[in-house]
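Subject: Handing over a structure

Hi,

I am passing a structure on to you, along with some notes on what turned up in it. Have a look at it first, and then read on at your own pace.

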Amino acid sequence: MRRSLSTLLSALSLYVGAQPTPRSLLWSVTAPMGESSYLYGTFHGRDARVFQFQDSVMVAFAACDIVAGELEVSGTRRLDNAVMNAMLLPNGSSLDRLYNKRDFQRVIGGLKQRLGPLAPMCTKLRPFYTVAMLSETELSGDSAIVLDAWFQQRAQNMGKKVVGLETITEQLAAVERVPLRDQARLLFDVITRDAEENGMQAAMNAYTARDLDALMSLVERDGLPEHADKALLDVRNSRMADRMAQHMVGGHRVFAAVGAAHLPGDNGLIAGLRARGFVVRPIAPVLSPVKVDPVSAWDHPKHNAVLPPSTVLKRGVHIRNDTLGYAVDMPAPPTKQVEQEDDTLRICTWTATSADGQLLMRVTTFEGSSIERTDARTRIERSRDTMNSAGMTASSLTRIDGAQAFVAPGDPVLGDHSRSITVATPARTHVFTVTNGSGRAKNLVDQVLRSIRILEGRSEK
């Protein structure tokens, strides 16, 4: 039931107007002369699509020492009885008293059809929470936990501090401020809308496209009254902005994962944090790799500064990237993908796949002011410790072409057929990953990794 509350607050907090907002779920939040924290818009659901985010999200997540959600999930488990009591209709009230007889029959019939044996329980609940249960039936339950809880569980496994930007009491109070008649009208609308008009699925489509404006426009037509919007969004957004700012005091870096509908708008978290003196910028990774033609594009002067022409090998190409400071053998000319690019961090990935699809080679480079300003050995040690704490066993420290490095499984399931080497130089961190199909020798993985050359600070003949 607690999951239903989160789902509902996410769905209903979408019922507001929208201002033009860049297409991004991930935003950097930077204090004057301070480090960047991050704000990430979630969808409170267990559908597999909400877990398919870009690598830049996990890079930002790993860079922060505090992870914040709307609620600190584990801390609410002690309050199950109190939460359940708060979700019930007031004494002496029942669902049938909120409708005329005809409308009540339509509502109870719809509940029996969609919730089965759970329907009778809904006659004692505030309609708000029944809407939450119905919302979950419209989406897949691929995960055992919702995305917000997943972030917090992962943070705990990595030894990060986990906090809530609200208390469960504050969330419940926000629902109580919405009149029961308004809640009942919302439930009626959900029950009686056209079966083909699946609002949650449409909202999910907008969410996965990172289009906050489309998401808001989609649900705006079913809007709650203004006083309900204020209770569910404005007051809560102001409170969460204050508390996120408080957690950033003292140089702490916060990864705040909250419902996406809390981000946009004049009273959203983005505007609220800006009003509190923070610089808030969207981080919008490219969804599809930018194709690079191996002849015409590489011969163009603009591209020569990024990736010069390759040397053709017997089984692939030798790539030399002077700008990013590495060289490596790849099975084919690679495609480029900019995962993130802002004032503090640039993440650039080059990917190549062999003609038979068996060999995959990827090089991801991280650079920018948010990369730890320490020596390369310290940085690589911390990267290795982070990977170990996440359950992906990394080897002892080593050196690759003179640079600090460690080796880890690129895909633990494939073992030696998938390997990654993380290399730290004074200015950047590179991750070289090779995945080989089971039909080919695993020593080919080692052969590719042995071809790595670190060019930073020197020239290669």
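To begin with the surface, the accessible area of the chain comes to about 20,600 Å², and carbon and sulfur atoms account for 51% of that. Please keep in mind that this is a predicted model. The chain has 461 residues, and 52% of them are buried. Its secondary structure comes to 17 helices and 17 strands. If you take the contacts between residues at least 6 apart in sequence, 69% of them join residues at least 24 apart.

There are two sheets to walk through, and then a few other places.

**The six-stranded sheet**

This is an open sheet with mixed pairing, and its strands come in the order 4-3-5-2-1-6. Strand 4 (161–164) and strand 6 (279–283) are the edge strands, each pairing on one side only. From one strand to the next, the twist averages 25°.

At the strand 4 end, strand 3 (residues 66–69) runs parallel to strand 4, and four bridges join the two. If you would like a place to find that pairing, look for Ile66, whose bridge partner in strand 4 is Lys161. Helix 7 (residues 147–157) lies across strand 2 (36–42), strand 3, strand 4 and strand 5. The helix runs at about 145° to strand 2.

**The nonpolar cores**

In soluble globular proteins, nonpolar side chains tend to be buried together. Here the largest nonpolar core has 50 residues. Which of them touch the most other members? They are Leu39, Tyr40, Phe151, Met244 and Phe255. Leu39 is a good one to click on: leaving aside neighbours within four places in sequence, its contacts include Leu25, Trp27, Met244, Val258 and Leu273. A second, separate core has 33 residues, among them Val107, Ala119, Leu172 and Val175.

**The seven-stranded sheet**

The other sheet is open as well, with seven strands in the order 10-11-12-16-15-14-13 and antiparallel pairing. Strand 10 (335–341) and strand 13 (398–400) stand at its edges with a single partner strand each, so one side of each is left without a neighbour in the sheet. Ignoring direction, neighbouring strands here are turned by 25° against each other on average.

Helix 17 (residues 443–450) packs on this sheet and touches strand 12, strand 15 and strand 16. Its direction makes about 155° with that of strand 16.

Strand 15 deserves a visit of its own. Is it enclosed by the rest of the structure or left open? Seven of the seven residues of strand 15 (residues 418–424) are buried, so the strand is largely enclosed by the rest of the structure. Ser418, Ser420, Thr422 and Ala424 point one way from the strand, while Arg419, Ile421 and Val423 point the other way.

On one side, strand 15 is joined by six bridges to strand 14 (residues 403–409), and the two run antiparallel. Pro409 has Arg419 of strand 15 as its bridge partner. Seven bridges join strand 15 to strand 16 (residues 428–436), again antiparallel. These two strands form a hairpin with three residues between them, and Val423 has His430 of strand 16 as its bridge partner.

Strand 16 also pairs with strand 12 (residues 359–367), in the antiparallel sense and over nine bridges. There, Leu360 stands opposite Thr435. Thr433 lies in strand 16 too. With a relative accessible area of 15%, which is under the 20% cut-off, Thr433 is buried. Not counting residues up to four places away in sequence, Thr433 touches Leu360, Met361, Arg362, Gly410, Arg419 and Ser420.

**Two more stops**

Helix 6 (residues 127–137) has ten of its eleven residues buried, so it is largely enclosed by the rest of the structure. Among the buried ones are Phe128, Tyr129, Met133 and Glu136.

Finally, Gly265 lies in the loop between strand 5 (254–259) and helix 13 (269–275). Gly265 is buried, with a relative accessible area of 18%. Its C-alpha atom is separated by 9.7 Å from that of Leu212, and these two residues are 53 residues apart along the chain.

Enjoy exploring!

Best wishes

Conventions:
Residues are numbered from 1 along each chain as its sequence is written. This is a predicted model: local features need pLDDT of at least 70, side-chain atom pairs count only at pLDDT 80 or more; totals for chains, interfaces and linings use all residues. Side-chain values use heavy atoms; hydrogens and water are left out. Buried means under 20% relative accessible area, exposed over 50%, partly exposed in between (1.4 Å probe, protein chains only). Two strands pair if DSSP finds at least two bridges between them. Contact means heavy atoms within 4.5 Å. Accessible areas come from the Shrake-Rupley method with a 1.4 Å probe; for residues, only the protein chains shown count as cover. Axes are lines fitted to C-alpha atoms, for helices over the stretch in contact, and angles run from 0 to 180 degrees between N-to-C directions. A nonpolar core is a set of buried Ala, Val, Leu, Ile, Met, Phe, Trp, Tyr and Cys residues joined through side-chain atoms within 4.5 Å.
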